Amino acid sequence: MYKYLFLILFSALAGSVSAQQNPVKWTFSAKKLAGDKNKYELKITATLPKGWHIYSQNTPEGGPEPTKFTFAKNALVTNTSKPKEVGKLVKQHDENFGIDVLHYADKVDFVQVVTVKGKIKTNVSGEVYYMVCTDSRCLPPTTTPFNIALK
């Protein structure tokens, strides 16, 4: 009896986990900036289906998880600031958290300028930590790794 109950419970749990697959589509690219042979603009783009939103890096404490970038150390690459957000920022009071949250719907670009030491090909790698929600539910925060070639 317990064996069948466990099997039913496990099947239901597995179905709910697969139903919660993350809806964010990430793209990563780099382009050399004109006028400076050693500077590149990294563009990290989050594209979301209708109804979903992702939180700004500047979302205040006490609310949902803000988007955070971690860049792996690379002695050949220097970046001096956090990525700039480019998109339609929405500021909205969220009753669940009791604060004003900052988020993006549809699409947001995170743009980071890096400097390469010398004329060399290398990569910028790291991960993005983020949380996505709809008006009625949120998915647990997740991490997506990235590796962007600088040519």
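Q: Which strand gives the most to the lining of the largest pocket?
A: S6 does, with three residues. Keep in mind that this is a predicted model.

Q: Which strands each supply at least two residues of that lining?
A: There are three to name: strand S3 (53-55), strand S6 (84-94) and strand S7 (99-116).

Q: And how many residues line the largest pocket?
A: The lining has 16 residues. His-53, Asp-94, Asn-96, Thr-134 and Asp-135 are the ones that lie nearest the pocket's centre.

Q: What's the volume of the largest pocket?
A: About 190 Å³.

Q: How do people find empty space like that, in general?
A: A probe the size of a water molecule is rolled over the atoms, and that shows where empty space is left.

Q: How do the lining residues divide into nonpolar, polar and charged?
A: Five are nonpolar, seven are polar and four are charged.

Q: Back to S7. Where is Asp-106?
A: Asp-106 sits in strand S7. Its phi is near 65°. That is a positive value in a residue other than glycine.

Q: New topic: sheets. What is the order of the open sheet of three strands?
A: The order is S4-S8-S10, and the pairing is antiparallel.

Q: Which are the edge strands?
A: Strand S4 (68-71) and strand S10 (142-150). Each of them pairs on one side only.

Q: How are neighbouring strands turned against each other in this sheet?
A: By 25° on average, with direction ignored.

Q: How many bridges join S8 and S10?
A: Nine, with strand S8 (residues 122-130) running antiparallel to S10. To pick one spot, Gly-126 stands opposite Phe-146 in S10.

Q: And how many between S4 and S8?
A: Four bridges, again in the antiparallel sense. At one position, Lys-68 has Tyr-129 in S8 as its bridge partner.

Q: Where do the side chains of S4 point?
A: They alternate along the strand. Phe-69 and Phe-71 point to one face and are buried. Lys-68 and Thr-70 point to the other face and are not buried.

Q: What do side chains do in a regular strand, generally?
A: They alternate between the two faces of the sheet.

Q: Let's do aromatics. How many aromatic pairs are there?
A: The structure holds seven. Among them is the pair of Trp-26 and Phe-28, which is stacked. Their centres are 6.3 Å apart, with 10° between the planes.

Q: Trp-26: buried or exposed?
A: Buried, because its relative accessibility is 12% and the cut-off for buried is under 20%.

Q: Why does Phe-28 count as partly exposed?
A: Phe-28 has 28% relative accessibility, so it counts as partly exposed. That class lies between the buried limit of 20% and the exposed limit of 50%.

Q: How are Phe-69 and Phe-71 paired?
A: Phe-69 and Phe-71 are stacked too, at 6.4 Å centre to centre and 20° between the planes. Both residues are buried.

Q: Which residues form the aromatic cluster?
A: Trp-26, Phe-28, Phe-69, Phe-71, Phe-110, Tyr-130 and Phe-146 form one cluster. Phe-146 came up before, as the residue opposite Gly-126.

Q: Where does Trp-26 lie?
A: In strand S1 (residues 25-32).

Q: Last one. How many residues apart in sequence are Trp-26 and Val-128?
A: They are 102 residues apart in sequence. In space they are 9.8 Å apart, C-alpha to C-alpha.

Note on methods: Residues are numbered from 1 along each chain as its sequence is written. This is a predicted model: local features need pLDDT of at least 70, side-chain atom pairs count only at pLDDT 80 or more; totals for chains, interfaces and linings use all residues. Side-chain values use heavy atoms; hydrogens and water are left out. On a 1 Å grid over the protein atoms alone, a cavity is a set of points where a 1.4 Å probe fits but cannot get out, and a pocket is an open set with protein on both sides within 12 Å along at least five of seven lines; lining residues have an atom within 4 Å of a point. Grid points are joined across faces, edges and corners, and a volume is the space filled by probe spheres set on the points. Ala, Val, Leu, Ile, Met, Phe, Trp, Tyr, Cys and Pro count as nonpolar, Asp, Glu, Lys and Arg as charged, and the others, Gly among them, as polar. Two strands pair if DSSP finds at least two bridges between them. Axes are lines fitted to C-alpha atoms, for helices over the stretch in contact, and angles run from 0 to 180 degrees between N-to-C directions. Buried means under 20% relative accessible area, exposed over 50%, partly exposed in between (1.4 Å probe, protein chains only). Rings of Phe, Tyr and Trp (its six-membered ring) pair if their centres lie within 6.5 Å; planes under 30 degrees apart count as stacked, over 60 as edge-to-face and the rest as tilted.
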